[in-house]
Amino acid sequence: MYRKKIPFDIDCGVKIAMEVIGGKWKSCIIQELDKGPKRPSELHRYFDDASPRVINQQLKELEIHGMIQKKIFSELPPHTEYSITEQGRTLLPIIEQLEKWGDGFRPQMKKILGMED
(Lines give C-alpha, C1' and ligand atoms only; values in the text may rest on other atoms or scores of the structure.)
Protein backbone atom coordinates (compact mmCIF):
# COMPACT_ATOMS: atom_id res chain seq x y z
CA MET A 1 0.00 0.00 0.00
CA TYR A 2 1.04 3.59 -0.61
CA ARG A 3 3.05 5.15 2.22
CA LYS A 4 2.54 8.84 2.86
CA LYS A 5 5.60 11.04 3.18
CA ILE A 6 4.18 12.83 6.23
CA PRO A 7 3.61 10.38 9.09
CA PHE A 8 -0.02 9.78 10.03
CA ASP A 9 -1.01 11.26 13.42
CA ILE A 10 -2.70 8.29 15.10
CA ASP A 11 -3.26 10.34 18.29
CA CYS A 12 -5.83 12.68 16.70
CA GLY A 13 -9.36 11.27 16.45
CA VAL A 14 -10.44 13.81 13.84
CA LYS A 15 -7.53 12.85 11.59
CA ILE A 16 -8.42 9.18 12.00
CA ALA A 17 -12.05 9.87 11.09
CA MET A 18 -11.05 11.97 8.08
CA GLU A 19 -8.64 9.26 6.92
CA VAL A 20 -11.54 6.80 6.89
CA ILE A 21 -14.36 8.96 5.47
CA GLY A 22 -12.41 11.84 3.90
CA GLY A 23 -12.86 11.51 0.18
CA LYS A 24 -15.41 13.05 -2.11
CA TRP A 25 -17.33 9.81 -2.68
CA LYS A 26 -16.72 7.70 0.43
CA SER A 27 -19.73 8.88 2.43
CA CYS A 28 -21.94 8.51 -0.66
CA ILE A 29 -20.64 4.96 -1.22
CA ILE A 30 -21.34 4.05 2.42
CA GLN A 31 -24.89 5.44 2.20
CA GLU A 32 -25.54 3.58 -1.04
CA LEU A 33 -24.20 0.28 0.32
CA ASP A 34 -26.47 0.67 3.36
CA LYS A 35 -29.35 0.05 0.92
CA GLY A 36 -27.84 -3.32 -0.04
CA PRO A 37 -24.84 -4.97 -1.70
CA LYS A 38 -23.75 -3.51 -5.03
CA ARG A 39 -21.45 -4.51 -7.85
CA PRO A 40 -18.72 -2.01 -8.75
CA SER A 41 -20.41 -1.30 -12.10
CA GLU A 42 -23.63 -0.34 -10.27
CA LEU A 43 -21.69 2.15 -8.14
CA HIS A 44 -19.93 3.53 -11.24
CA ARG A 45 -23.34 4.17 -12.85
CA TYR A 46 -24.78 5.65 -9.67
CA PHE A 47 -21.84 8.07 -9.26
CA ASP A 48 -21.41 8.97 -12.91
CA ASP A 49 -19.73 12.30 -12.00
CA ALA A 50 -16.75 10.32 -10.69
CA SER A 51 -14.35 8.31 -12.78
CA PRO A 52 -14.41 4.54 -12.23
CA ARG A 53 -10.77 4.78 -11.13
CA VAL A 54 -11.67 7.16 -8.29
CA ILE A 55 -14.61 5.01 -7.15
CA ASN A 56 -12.43 1.89 -7.24
CA GLN A 57 -9.72 3.61 -5.19
CA GLN A 58 -12.19 4.78 -2.57
CA LEU A 59 -13.79 1.31 -2.44
CA LYS A 60 -10.33 -0.14 -1.83
CA GLU A 61 -9.60 2.34 0.97
CA LEU A 62 -12.98 1.72 2.63
CA GLU A 63 -12.31 -2.03 2.44
CA ILE A 64 -8.84 -1.65 3.97
CA HIS A 65 -10.36 0.34 6.85
CA GLY A 66 -13.01 -2.34 7.38
CA MET A 67 -16.01 -0.13 6.53
CA ILE A 68 -17.08 -2.30 3.60
CA GLN A 69 -16.37 -5.84 2.50
CA LYS A 70 -15.74 -7.27 -0.92
CA LYS A 71 -17.22 -10.63 -1.91
CA ILE A 72 -15.91 -12.37 -5.01
CA PHE A 73 -18.28 -14.84 -6.66
CA SER A 74 -16.42 -17.59 -8.49
CA GLU A 75 -19.44 -18.65 -10.54
CA LEU A 76 -19.68 -17.92 -14.24
CA PRO A 77 -19.57 -15.15 -15.10
CA PRO A 78 -17.38 -14.17 -12.13
CA HIS A 79 -18.38 -10.98 -10.36
CA THR A 80 -17.74 -8.93 -7.24
CA GLU A 81 -20.09 -7.28 -4.75
CA TYR A 82 -19.43 -4.76 -2.02
CA SER A 83 -21.48 -4.48 1.16
CA ILE A 84 -21.32 -2.37 4.29
CA THR A 85 -19.91 -3.90 7.48
CA GLU A 86 -21.20 -3.40 11.03
CA GLN A 87 -18.25 -1.06 11.59
CA GLY A 88 -19.25 0.85 8.47
CA ARG A 89 -22.80 1.23 9.80
CA THR A 90 -21.40 3.14 12.78
CA LEU A 91 -20.53 5.93 10.31
CA LEU A 92 -24.12 6.39 9.13
CA PRO A 93 -25.23 8.73 11.98
CA ILE A 94 -22.09 10.83 11.45
CA ILE A 95 -22.72 11.06 7.70
CA GLU A 96 -26.37 11.97 8.37
CA GLN A 97 -25.24 14.80 10.67
CA LEU A 98 -22.79 16.05 8.03
CA GLU A 99 -25.58 15.99 5.46
CA LYS A 100 -27.91 17.90 7.82
CA TRP A 101 -25.21 20.51 8.43
CA GLY A 102 -24.53 20.81 4.69
CA ASP A 103 -28.23 21.30 3.95
CA GLY A 104 -28.32 24.14 6.48
CA PHE A 105 -25.18 25.72 5.05
CA ARG A 106 -26.41 25.50 1.44
CA PRO A 107 -27.82 29.08 1.25
CA GLN A 108 -24.54 30.53 2.48
CA MET A 109 -22.56 28.32 0.11
CA LYS A 110 -24.69 29.51 -2.81
CA LYS A 111 -23.79 33.09 -1.91
CA ILE A 112 -20.11 32.22 -1.66
CA LEU A 113 -20.21 30.54 -5.07
CA GLY A 114 -22.30 33.32 -6.63
CA MET A 115 -25.23 30.99 -7.24
CA GLU A 116 -27.86 33.05 -5.44
CA ASP A 117 -31.46 32.65 -6.56
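**Close-up views of a predicted model**

**View 1. Lys 38 reaches back to the backbone of a nearby residue in sequence, Gly 36.** A polar atom in the side chain of Lys 38 sits 3.3 Å from the backbone oxygen of Gly 36. Keep in mind that this is a predicted model. Where along the chain is Lys 38? You'll find Lys 38 in the loop between helix 2 and helix 3, the latter spanning residues 40-46. Is Lys 38 buried or exposed? Its relative accessible area is 14%, and buried means under 20%, so Lys 38 counts as buried. And who surrounds it? Setting aside neighbours within four places in sequence, Lys 38 is in contact with Glu 32, Leu 33, Leu 43, Thr 80, Glu 81 and Tyr 82.

**View 2. Gly 22 sits in a loop between two helices.** On one side of this loop is helix 1 (13-21), and on the other is helix 2 (26-34). Gly 22 has a relative accessibility of 27%, so it counts as partly exposed. Now look for Gln 58, which is 36 residues away from Gly 22 along the chain. In space, the C-alpha atoms of Gly 22 and Gln 58 are separated by 9.6 Å.

**View 3. Helix 6 has a bend in it.** This helix covers residues 92-113. Where does helix 6 bend? The spot is Arg 106, where the angle is about 50°. A proline, Pro 107, follows within four residues. Carry on past the end of helix 6 and you meet Gly 114, which takes a positive phi of about 70°.

**View 4. Four residues make a nonpolar patch on the surface.** Which residues are they? Met 109, Ile 112, Leu 113 and Met 115 build this patch, and it comes to about 410 Å². Met 109 belongs to helix 6. With 36% relative accessibility, Met 109 counts as partly exposed.

**View 5. Step back and take in the protein chain as a whole.** How many helices and strands does it have? There are six helices and two strands, and along the sequence they follow the pattern α-α-α-α-β-β-α-α. The C-alpha atoms fill a box of roughly 50 × 40 × 25 Å along the principal axes. Of the chain's 117 residues, 26% count as buried. The accessible surface is about 8700 Å², and carbon and sulfur atoms account for 55% of that. As for contacts between residues at least 6 apart in sequence, 47% join residues at least 24 apart.

How values were computed
Residues are numbered from 1 along each chain as its sequence is written. This is a predicted model: local features need pLDDT of at least 70, side-chain atom pairs count only at pLDDT 80 or more; totals for chains, interfaces and linings use all residues. Side-chain values use heavy atoms; hydrogens and water are left out. Patches are made of residues with over 30% relative accessible area and no salt bridge: like charges are joined within 9 Å, nonpolar side chains (Val, Leu, Ile, Met, Phe, Trp, Tyr) within 5 Å. Accessible areas come from the Shrake-Rupley method with a 1.4 Å probe; for residues, only the protein chains shown count as cover. A salt bridge is a side-chain nitrogen of Lys or Arg within 4 Å of a carboxyl oxygen of Asp or Glu. Buried means under 20% relative accessible area, exposed over 50%, partly exposed in between (1.4 Å probe, protein chains only). The bend at a residue is the angle between axes fitted to the seven residues ending there and the seven starting there. Contact means heavy atoms within 4.5 Å. A polar contact is a pair of N or O atoms within 3.5 Å; within protein, one must be able to donate a hydrogen and the other to accept it, and residues adjacent in sequence count only if both atoms are side-chain atoms.
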